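Good morning, colleagues. Today I should like to discuss one helix and the charged pairs in this structure. Please look at the display first.

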Amino acid sequence: MTLPAWLAAIKFNDDGLIPAIAQDHKSGRILMMAWMNAEALQLTAQTQTAVYFSRSRAKLWHKGESSGHTQTVHDIRLDCDADVIVLSVTQAGGIACHTGRESCFYQRLDLSGQTPEWQTVDKVLKDPADIYHSSDTAKAIPKSNETQAHDVIPSDAKHSHHDNETTNRSILQQLDGVLAERKQADADSSYVASLYAKGLNKILEKVGEESTESIIAAKDFANCDENSNKAQYDDARHELIYEVADVWFHTLVGLAWFDIESDAVLNELGRRFGLSGIDEKAAR
């Protein structure tokens, strides 16, 4: 793929990535550092919202897609060696770090004593457990055609668990409708339409891929200790939920391929209530 001249001028590393530093537009404070590939940077320029590349998940992630703490981009700068990007941003909610702090750089090296030591100098503005379970996650965020589950769910179908007006079942029903519509859409118009165009094997490949990622996330979460490192624990918990959501989503895409809606699965689960698992398996 031929890159536009402004992207071709950038010296991406061997993995096709470049470090991107987000800086507060007004105060100039450094908020965070993440990675971008060419697509992430192009989307950031197009949407004027920060889009990064997750090395652990090997895919794009829109800053704030889970927390609601999006970044509006005012300025993008490239350093003299063309291998570092600086973004001047307005940080939604005033929180850039997954620990609930304004900045990811909240530890300062104290040199006043005989032995240098890291000290936490910024307070937590919001508990991460509240961040990742708040209704802020319902905010609409621009998506690329490569984004995963949340790519196709209408903004009015996204709700927190506190929202009593829309049930989880109705969310699945709305998703059923969107998936059905995507079967008739042009392959270049959305991520789901592109999956349908590539066929059943590609969809099943994604189900397997996301299942593997959820297993890895579960193993990582199992190795976390909430008491010794609460931030790491919360991050791993969120990652597991995120990956399982991707598994569910791609499974629904597979069902939609066969014109099977989510109600069929829910009805089957309902049928099993009151049945012994051993008896149910024996009756198959």
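The buried residues of helix H6 are Ile203, Lys206, Val207, Glu210, Glu213, Ser214, Ala217 and Phe221. I should say at once that this is a predicted model. Among the elements covering these buried residues are strand S4 (59–62), helix H5 (191–198) and helix H7 (230–257). Helix H6 itself comprises residues 200–222, 23 in number, and its first and last C-alpha atoms lie 33 Å apart, close to the 33 Å expected at 1.5 Å a residue.

Two charged members of that buried list deserve attention. Which residue does Lys206 meet in a salt bridge? The partner is Glu210, with an N to O distance of 3.7 Å. The two are four residues apart in helix H6, so about one helical turn separates them. Lys206 counts as buried because its relative accessibility is 8%, under the 20% cut-off. Glu210 is likewise buried, at 1%.

A second pair lies in helix H8 (residues 262–272), where Glu268 and Arg271 are three residues apart, again about one helical turn. Their side chains form a salt bridge at 2.7 Å, N to O. Glu268 is partly exposed at 27% relative accessibility, and Arg271 is partly exposed at 44%. Elsewhere, salt bridges with shared partners join Lys59, Lys206, Glu209, Glu210 and Asp246 into one network.

Finally, Glu102 forms a salt bridge with Arg29, the closest N and O atoms being 2.9 Å apart. This pair links distant parts of the chain, 73 residues apart: Glu102 sits in the loop between strands S6 and S7, and Arg29 in the loop between strands S1 and S2. In the whole structure, the search finds twelve salt bridges.

Conventions: Residues are numbered from 1 along each chain as its sequence is written. This is a predicted model: local features need pLDDT of at least 70, side-chain atom pairs count only at pLDDT 80 or more; totals for chains, interfaces and linings use all residues. Side-chain values use heavy atoms; hydrogens and water are left out. The expected span of a helix is 1.5 Å times one less than its number of residues. Buried means under 20% relative accessible area, exposed over 50%, partly exposed in between (1.4 Å probe, protein chains only). Contact means heavy atoms within 4.5 Å. A salt bridge is a side-chain nitrogen of Lys or Arg within 4 Å of a carboxyl oxygen of Asp or Glu.
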